[in-house]
Structure formats: structure tokens, C-alpha cells
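Work through the following exercises with the sequence and the model in view, and try each task before reading its solution.

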Amino acid sequence: ETGVHHVPGSSRKICQLTGDFDWERDEFTLNQTLHVGIQGTDLGSSFVHEGRTYFLFGDTAGLSLFADDSIAFTTDADPEHCLKLQFVTNALGLFRPLRVPGVSTGFMEVPTGGFSAHGNMYIIYATDTTLLKKMGRSVVARSSDNGKHFTYLYDLSLNKFINVAPVVVENAEIPG
């Protein structure tokens, strides 16, 4: 048989990370994110930085009327019991929208991945969405304060490799 098909037991839901209530399971969520202004998000790429696992969430629904993106972290190491998230927040205790000065971060413009190197956090951001083209370019940005502020570094790509998931490797471990 050819084609895509589901393999029973190959994947399962552990928990719902955002929002206050899991309607599928009819139970409250561990993270109760409405208090930081988050009803739900899309995406959720993760990477490790300074001993924490960070999550980059795309368009975030909540108190904002905009398509803000958000960032959270956990120190939990065992996802089998759900992960307690702490969102990067502002002075009011609401989630701090992920922004890169000089880079459009509106609807369908989202962080696609991140990595840690030399004490800094780096993210790849897909941006420049128009009515004619989704994700027009990808940029690299850096944070030296654990995701509170980001600085634009450079364009990664203008027409290919827009939705990038970076991985840090040790060059010495790669033959040749």
C-alpha cells in the first residue's frame, strides 16, 4: 500500500500547553495562560538555551488585536507530565510580543526556529508576507537577554530556505 496513513500508537497528545481549558479532554490546562494574555498560539518550535528549553510561538491569540508572536521557556526535563511554561512578559505581567526592530512581525510572519551559541540566543524569522507571497524572506536575530529584546543581524534568504529549522553541530564531529 502506498500513500500517507496513520500508524496507531505512533503519536499521542501529552497535554495542551496554552489556553486555560482543554476542550478535547474537558479539563483545565497546567499553564493557565490567559493571565499573561494568551488564549492560544500556532507553531511552537523549541531549542535549548542556558539550561532552559525555549518555545517560539507564532501568531498568538489573546488580549492583543494583533498577530503577535510569543516566547516561553521551561526548566522541566520530562515532557511526559506536561511542561510548565513561563512566558517572557512585560512590566504589566502580560506576554511580551516577540519583536525584531526593523522586521515586520505581523500575521503569518513568525519565528521558525532558534539556537543558542556563545551565551546568546539566535532566532530565524520568516517575514515579508504579502497578499501574493507568504514568507517573503527569512532573517536572523540575536538576543543577549534571554528573549526580551532581539537585534536584527542579517537576511538569511530572500527567496529560498525561508522556513528554516536550525541545528547546532560540532564541526569536529562531521567527517571531512
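**Exercise 1. A shared arginine**

Task: In this predicted model, find the salt bridge that Asp-155 forms with Arg-137, and say which parts of the chain the pair ties together.

Solution: Begin with the distance, since the closest N and O atoms of Asp-155 and Arg-137 are 2.5 Å apart, and a salt bridge requires such a nitrogen and oxygen to lie within 4 Å. Next, place the two residues: Asp-155 belongs to strand E10 (residues 151-157) and Arg-137 to strand E9 (residues 137-143), so the salt bridge ties together parts that are 18 residues apart in sequence. Then look at Arg-137 again, because Arg-137 also forms a salt bridge with Asp-128, where the closest N and O atoms are 2.6 Å apart. Finally, consider the surroundings: Arg-137 is buried, with a relative accessible area of 13%, while Asp-155 is partly exposed at 31%, and Asp-128 is likewise partly exposed at 31%.

**Exercise 2. Other salt bridges**

Task: Determine how many salt bridges the model has, and describe the one between Arg-99 and Asp-68.

Solution: Start from the general idea that side chains of opposite charge can pair when their charged atoms come close. The count comes to six salt bridges. In the pair of Arg-99 and Asp-68, the closest N and O atoms are 2.9 Å apart. This pair links distant parts of the chain, for Arg-99 is in the loop between E6 and strand E7 (110-117), whereas Asp-68 is in the loop between strand E4 (52-62) and E5, 31 residues apart. To classify the two residues, recall that buried means under 20% relative accessible area; Asp-68, at 5%, is therefore buried, but Arg-99, at 40%, counts as partly exposed. Elsewhere, Lys-13, Asp-22 and Glu-24 are linked in a network of salt bridges.

**Exercise 3. The disulfide**

Task: Find which residues the disulfide joins, and work out why it is called right-handed.

Solution: A disulfide is a covalent bond between the sulfur atoms of two cysteines. The model has one disulfide, and it joins Cys-15 to Cys-82 with an S to S distance of 2.0 Å. The two cysteines are 67 residues apart and lie in distant parts of the chain, Cys-15 in the segment before strand E1 (21-22) and Cys-82 in the loop between strand E5 (70-74) and strand E6 (86-87). The torsion about the S-S bond of Cys-15 and Cys-82 is about 75 degrees, so the disulfide is right-handed. As for accessibility, Cys-82 is buried at 9%, whereas Cys-15 is partly exposed at 24%.

**Exercise 4. Aromatic rings**

Task: State how many aromatic pairs there are, and decide whether Phe-21 and Phe-28 are stacked or edge-to-face.

Solution: There are seven aromatic pairs. The rings of Phe-21 and Phe-28 lie 5.2 Å apart, centre to centre, with 85 degrees between the planes; because planes over 60 degrees apart count as edge-to-face, this pair is edge-to-face. By contrast, Phe-115 and Tyr-122 are stacked, with 10 degrees between the planes and 5.1 Å from centre to centre. Phe-115 is partly exposed at 21%, Tyr-122 is buried at 13%, and Phe-28 is exposed at 63%. Phe-21 and Phe-28 also belong, together with Trp-23, to one aromatic cluster. A last ring to inspect is that of Phe-73, over which the charged end of Arg-52 sits, 3.9 Å from the ring centre.

Methods. Residues are numbered from 1 along each chain as its sequence is written. This is a predicted model: local features need pLDDT of at least 70, side-chain atom pairs count only at pLDDT 80 or more; totals for chains, interfaces and linings use all residues. Side-chain values use heavy atoms; hydrogens and water are left out. A disulfide is a pair of cysteine sulfur atoms within 2.5 Å. Helices (H or I, at least four residues) and strands (E, at least two) are DSSP runs, numbered from the N terminus. Buried means under 20% relative accessible area, exposed over 50%, partly exposed in between (1.4 Å probe, protein chains only). A salt bridge is a side-chain nitrogen of Lys or Arg within 4 Å of a carboxyl oxygen of Asp or Glu. Rings of Phe, Tyr and Trp (its six-membered ring) pair if their centres lie within 6.5 Å; planes under 30 degrees apart count as stacked, over 60 as edge-to-face and the rest as tilted. A charge sits over a ring if NZ of Lys or CZ of Arg is within 6 Å of the ring centre and within 35 degrees of the ring normal.
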